[in-house]
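Here is a friendly tour of the empty spaces in this model and of the strands and loops around them. Have the structure open beside the text as you read.

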Amino acid sequence: MRREALRVAATLAAAISVTGCNTAPAAPEPFGLKPPTLAPIAPTTPSPSPSPSPAKPSPTPTAAQLPLGGRTIFPRYRVVAYYGTAGNPEMGVLGEADPDAILPRLRAAAARFATPGRRIQVAYELIVTVALGGPGADGDYSHTIDPAKIEAYVEAARRNKVLLVLDVQPGRTDFLTEVKKLRPFLEEPYVGLALDPEWRVAAGQIPGRVIGSVRAAEVNAVSKYVADIVREHKLPEKLFLLHEFRSSMIPDIAAVQRRPGLAMVQHIDGFGTRSQKDATFAALRRPQQFHVGYKLFYDEDINMFAPRDVLRFRPTPEYISYQ
């Protein structure tokens with residue numbers, strides 16, 4: 001496991017303040033000693049020194065690339081993802097197998113979305129902060145999954161040239177608090193972020209009993225934090241998803257800011273009949289502000305749309321996920 005795993009463990013543990021320094025001072029020169037006397041050396045005519053070779057310039061570091069090349073996601077790629085959390089098939093198809101084992105199935109599903117001029121890029125959308133129906137250990141009605149499980153997906157994404165999207169369901173806490181725990185992962189060039197307002201609830205509310213919401217100011221604080229990581233580390237563009245199936249989930253969505261370095265996606269989800277999903281898509285889509293995403297549900301959708309149907313939507317979704 002890479003060095004970054006150690007930083008992750010430190011991020012998720014309680015912070016430890018280091019005030020000391022382990023560097024010993026240099027020993028003082030001893031008094032009363034003389035250097036040894038050396039026999040004189042007969043002078044010689046020095047050979048002419050060769051002219052120094054010009055210093056070779058240091059190689060310019062190669063800018064980090066996306067898994068399949070380039071530094072911007074859209075319109076070069078159409079992203080197709082499997083959604084869920086590690087080892088839990090009840091929360092989505094991604095949890096039905098480990099990241100390597102699920103990959104052939106994901107690639108086969110994604111291939112059906114290929115169109116001229118768009119290369120398919122597959123992705124894992126992994127729920128890393130899971131909303132709970134009870135207070136949990138921290139009393140915030142959510143918990144972060146084992147960092148070792150996140151690291152396994154990070155490594156699998158790197159190995160398989162896959163994008164990884166870390167999905168956050170914060171419960172009663174705020175998104176930025178949870179996202180800061182994920183910073184070591186977000187410093188990877190192929191790791192993005194998804195915010196799920198359905199599971200961001202107020203004090204006194206319980207996830208799953210109400211549909212949560214988030215204000216644009218909180219979204220903007222998170223997007224700035226992630227965009228700063230992209231800038232500081234000179235990373236390629238990152239996916240930044242906002243899940244939405246009701247307008248009340250982001251009531252002032254028009255105030256959500258665009259950020260350089262982020263491919264900001266309004267991911268329209270929610271299950272139901274085709275007519276219900278069509279009505280949701282028509283009511284919520286904001287292509288003038290975001291790239292458009294869409295979710296398909298293997299079990300909950302009634303007469304689930306086929307890829308050829310989704311490709312006829314206008315605007316055509318650029319990010320599609322299966323749950």
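The second largest pocket has a volume of about 160 Å³. In this predicted model, local features need pLDDT of at least 70 and side-chain atom pairs count only at pLDDT 80 or more, while totals for chains, interfaces and linings use all residues. Residues are numbered from 1 along each chain as its sequence is written, and side-chain values use heavy atoms, with hydrogens and water left out.

A word on terms before going on. On a 1 Å grid over the protein atoms alone, a pocket is an open set of points with protein on both sides within 12 Å along at least five of seven lines, whereas a cavity is a set where a 1.4 Å probe fits but cannot get out; lining residues have an atom within 4 Å of a point. Grid points are joined across faces, edges and corners, and a volume is the space filled by probe spheres set on the points.

Eleven residues line the second largest pocket, and Asp138, Ser142, His143, Thr144 and Lys181 are the closest to its centre. Strand β3 (residues 142–144) gives the largest share of this lining, three residues. Helices (H or I, at least four residues) and strands (E, at least two) are DSSP runs, numbered from the N terminus.

The largest pocket holds about 660 Å³ of space. Of the 30 residues in its lining, Phe271, Lys295, Phe297, Glu300 and Gln323 lie nearest the centre. Two or more residues of that lining come from each of β2 (119–131), α7 (274–284) and β8 (291–296).

The chain also has one cavity of 30 Å³ or more, with a volume of about 50 Å³. Its lining is made up of Leu163, Leu164, Pro189, Tyr190, Val191, Gly192, Glu237, Lys238 and Leu239. Here β4, β5 and β6 are the elements that give two or more residues.

The table sets out the three linings by class, where Ala, Val, Leu, Ile, Met, Phe, Trp, Tyr, Cys and Pro count as nonpolar, Asp, Glu, Lys and Arg as charged, and the others, Gly among them, as polar.

| Space | Nonpolar | Polar | Charged |
|---|---|---|---|
| Largest pocket | 14 nonpolar residues | six polar residues | ten charged residues |
| Second largest pocket | two nonpolar residues | five polar residues | four charged residues |
| Largest cavity | six nonpolar residues | one polar residue | two charged residues |

Now to one of the strands that line the cavity. Strand β5 (residues 191–195) is mostly covered, with five of its five residues buried; buried means under 20% relative accessible area, exposed over 50%, and partly exposed in between (1.4 Å probe, protein chains only). Val191, Leu193 and Leu195 point one way from β5, Gly192 and Ala194 point the other way, and all are buried.

What does β5 pair with? Strand β4 (residues 163–168) pairs with β5 in the parallel sense over five bridges, and leucine 166 has leucine 193 as its bridge partner. Strand β6 (residues 238–244) also pairs with β5 in the parallel sense, over three bridges. Two strands count as paired if DSSP finds at least two bridges between them. In that second pairing, leucine 195 stands opposite leucine 242. From β5 the chain crosses through helix α6 (residues 216–232) to β6, a right-handed β-α-β crossover; right-handed means that, with the strands pointing away from the viewer, the path from the first strand over the helix to the second runs clockwise.

Next come two residues in the loop between α1 (4–12) and β1 (77–84), one of them glutamine 65. Glutamine 65 counts as partly exposed because its relative accessibility is 38%. Its C-alpha atom is 5.9 Å from that of proline 236, 171 residues apart along the chain. Not counting residues up to four places away in sequence, glutamine 65 touches Gly70, Arg71, Pro189 and Pro236, contact being heavy atoms within 4.5 Å.

Proline 67 is in the loop between α1 and β1 as well. With 16% relative accessibility, proline 67 counts as buried. The C-alpha atoms of proline 67 and tyrosine 190 are separated by 6.6 Å. With residues up to four places away in sequence set aside, proline 67 touches Gln121, Lys161, Val162, Leu163 and Tyr190.

Over the whole chain there are eight helices and nine strands, and 47% of the 323 residues count as buried.
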